[in-house]
Amino acid sequence: MMKLKPQIKWFILAVLILTLAACNGNTTSVDLSLAPTYAAQTLAAMPTNTMEPVPTSTATVVVPTATATATETPVTELYPVGPVGFPENVNPLTGLVVDDPSILDRRPVLIKVANQPISGRPHAGLSFADMVFEYYIGSGGNRFIALFYGQDADMIGPVRSGRMIDPYLVSLYEGILGMEGAYITVREHIVDILDNRMISSKELCPGLCDDGRMLVTSVFGDSEALTKIAADRGVVQQRYLLEGMAFDPEVPEGGKTANIITTQFSTVNPEEWRYDEESGDYLRWTDNESGEVIDLIPLVDRITDEQLAFSNVVVIFVSHIEHAPTLHDMAIWDNTFGQRAIAFRDGQAYEITWKTPSRTQPIQLIDDSGETFRLKPGNTWVVVFGLYSTVDTIADHWSFTFLMP
């Protein structure tokens with residue numbers, strides 16, 4: 001478009017589940033006295049367009065052939081569904097019917113995925129995620145954490161290190177976390193919250209494996225294998241009450257046209273979503289740096305070789321605290337009053353708010369009438385922006401520029 005500087009059976013089941021459980025934990029903190037040191041280390045190791053070797057001598061293990069099978073399908077008569085009382089065969093994070101409800105009798109698996117360096121692309125497995133969260137990691141970079149619940153993929157990545165926001169998100173979805181390392185106090189912060197629900201070792205292949213190249217972009221995860229590793233550790237695998245989201249194929253009233261969504265964490269890495277009227281999804285485009293001009297190209301999943309397509313894109317505005325250029329905390333927990341959010345579905349934009357009244361329940365989206373905003377059944381991509389980030393609209397083009405805090 002332009003050059004910038006950056007998926008059977010019919011079920012009619014009704015199962016009423018009207019009790020919400022809330023559990024609050026203690027906020028943990030990170031030893032910030034070493035923040036400058038971490039910042040310097042990260043800045044020195046920030047990925048570039050050149051593959052960089054990981055300083056490790058662990059044995060090489062080859063990642064299994066990448067495969068993944070979709071297990072969800074929409075059933076029109078079901079809707080609307082949520083935010084409570086989901087039928088037992090419906091994924092409460094997508095609103096879709098699963099072929100085998102037993103897949104939901106576990107914790108969601110959240111895996112860290114690198115977006116830089118560009119040499120690590122295309123990513124693997126993101127198109128099979130129920131949700132993907134995208135956030136700032138410093139020095140103009142962004143990173144993803146992908147959530148797998150209604151279906152699995154055996155090649156997800158490249159997997160990278162943990163950040164302070166990760167245990168908050170994992171806790172909200174009662175999940176387990178797969179990551180590749182973290183600075184010591186950040187790791188302690190993660191363990192304080194998740195305990196043995198954090199998995200970070202290439203020795204646990206096929207949960208996390210190096211594909212043999214021993215680079216910062218050569219580690220990949222397997223969501224089903226990570227579930228087994230967690231279970232072997234004694235992490236209880238059962239169906240949790242993941243209520244709070246709502247879904248309906250009917251397009252809500254009151255939206256504004258939104259065919260293009262541009263999100264920039266810096267001028268050198270623009271990301272873009274373009275609405276595809278034929279599929280009804282937003283398709284992802286990403287930066288492909290070439291000389292002084294940054295071209296946008298389709299972002300594909302290396303498993304399917306198809307462009308990433310998401311039913312919903314949601315931008316939430318969150319307070320950020322910068323302890324160092326590459327060390328940030330984000331106020332995801334305990335947002336009981338609500339903060340601004342903008343939801344995109346079906347080529348429409350909606351001004352809403354987001355809340356987290358419980359530390360063990362999904363992020364809630366609330367419309368301007370105080371009701372739960374109904375997403376389109378399917379997958380959702382959430383972009384975490386700073387409270388003071390800018391939003392510009394020109395006709396059907398919505399542009400977001402990240403700003404602290």
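**Figure 1. Lys376 and Asp346, a buried pair in a predicted model.** Both Lys376 and Asp346 are buried in this predicted model. Their side chains meet in a salt bridge, with 3.4 Å from N to O. Lys376 lies in the loop between strand S26 (374–375) and strand S27 (380–386), and Asp346 in the loop between S23 and S24, so the pair ties together parts that are 30 residues apart in sequence. Side chains of opposite charge can pair when their charged atoms come close. A search of the whole structure finds 14 salt bridges, and two further examples are given in the next two figures.

**Figure 2. The salt bridge of Glu134 and Arg284.** The side chains of Glu134 and Arg284 meet at 3.2 Å, N to O. Glu134 belongs to strand S5 (residues 131–138) and Arg284 to strand S15 (residues 281–290), so this salt bridge ties together parts that are 150 residues apart in sequence. Glu134 and Arg284 are both buried. Salt bridges that share partners join Glu134, Glu271 and Arg284 into one network.

**Figure 3. The salt bridge of Arg340 and Glu351.** Here the side chains of Arg340 and Glu351 meet in a salt bridge of 2.7 Å, N to O. Arg340 is in strand S23 (residues 339–345) and Glu351 is in strand S24 (residues 348–355), eleven residues apart. Arg340 has a relative accessible area of 35% and is partly exposed. Glu351 is partly exposed too, with a value of 41%.

**Figure 4. The disulfide of Cys205 and Cys209.** One disulfide is found in a search of the whole structure. A disulfide is a covalent bond between the sulfur atoms of two cysteines. In this case the partners are Cys205 and Cys209, with sulfur atoms 1.9 Å apart. The link of Cys205 and Cys209 is right-handed, with 95° about the S-S bond. Are Cys205 and Cys209 buried or exposed? Cys205 counts as partly exposed, at 25% relative accessibility. Cys209 has a relative accessible area of 1%, and because buried means under 20%, Cys209 is buried. Cys205 is also joined to Pro206 by a cis peptide bond, with omega about 15°. Pro206 lies in the loop between strand S8 (198–199) and strand S9 (208–210).

**Figure 5. Ile316 in the largest nonpolar core.** The largest nonpolar core has 57 residues, and of these Ile316 and Ile332 touch the most other members. What does Ile316 touch, not counting residues up to four places away in sequence? The residues in contact with Ile316 are Ile332, Arg340, Ala341, Trp354, Ile363, Val382, Val383, Val384 and Phe385. Arg340 also takes part in the salt bridge with Glu351. Of the 57 residues in the largest core, Ile316 is one of the two that touch the most other members. There is a second, separate core of 46 residues, which includes Val219, Val315, Phe344 and Ala349.

**Figure 6. A nonpolar surface patch at Leu387, Tyr388 and Leu403.** Leu387, Tyr388 and Leu403 make a nonpolar surface patch of about 280 Å². Leu403 sits in the segment after strand S29 (397–401). With a relative accessible area of 38%, Leu403 is partly exposed. For the chain as a whole, about 16,400 Å² is exposed, and carbon and sulfur atoms supply 54% of this area.

**Figure 7. Ser358 and Asp334.** Ser358 is found in the loop between S24 and strand S25 (364–366). Ser358 is buried, with a relative accessible area of 7%. Asp334 is 24 residues from Ser358 along the chain, and the C-alpha atoms of the two are separated by 6.7 Å. Of the 405 residues of the chain, 57% count as buried.

**Figure 8. Backbone details in three loops.** The chain has four helices and 29 strands, and this figure turns to loops. Gly157 and Pro158 are joined by a cis peptide bond with omega about 5°. Pro158 is in the loop between strand S6 (141–148) and helix H2 (166–172). Ser139 is not a glycine, yet its phi is positive, near 55°. Ser139 is in the loop between S5 and S6, and is partly exposed at 41% relative accessible area. Ala395 likewise has a positive phi, about 55°, although it is not a glycine. Ala395 is in the loop between strand S28 (390–394) and S29. At 71% relative accessibility, Ala395 counts as exposed.

Definitions and conventions: Residues are numbered from 1 along each chain as its sequence is written. This is a predicted model: local features need pLDDT of at least 70, side-chain atom pairs count only at pLDDT 80 or more; totals for chains, interfaces and linings use all residues. Side-chain values use heavy atoms; hydrogens and water are left out. A disulfide is a pair of cysteine sulfur atoms within 2.5 Å. Buried means under 20% relative accessible area, exposed over 50%, partly exposed in between (1.4 Å probe, protein chains only). A nonpolar core is a set of buried Ala, Val, Leu, Ile, Met, Phe, Trp, Tyr and Cys residues joined through side-chain atoms within 4.5 Å. Contact means heavy atoms within 4.5 Å. Patches are made of residues with over 30% relative accessible area and no salt bridge: like charges are joined within 9 Å, nonpolar side chains (Val, Leu, Ile, Met, Phe, Trp, Tyr) within 5 Å. Accessible areas come from the Shrake-Rupley method with a 1.4 Å probe; for residues, only the protein chains shown count as cover. A salt bridge is a side-chain nitrogen of Lys or Arg within 4 Å of a carboxyl oxygen of Asp or Glu. Helices (H or I, at least four residues) and strands (E, at least two) are DSSP runs, numbered from the N terminus.
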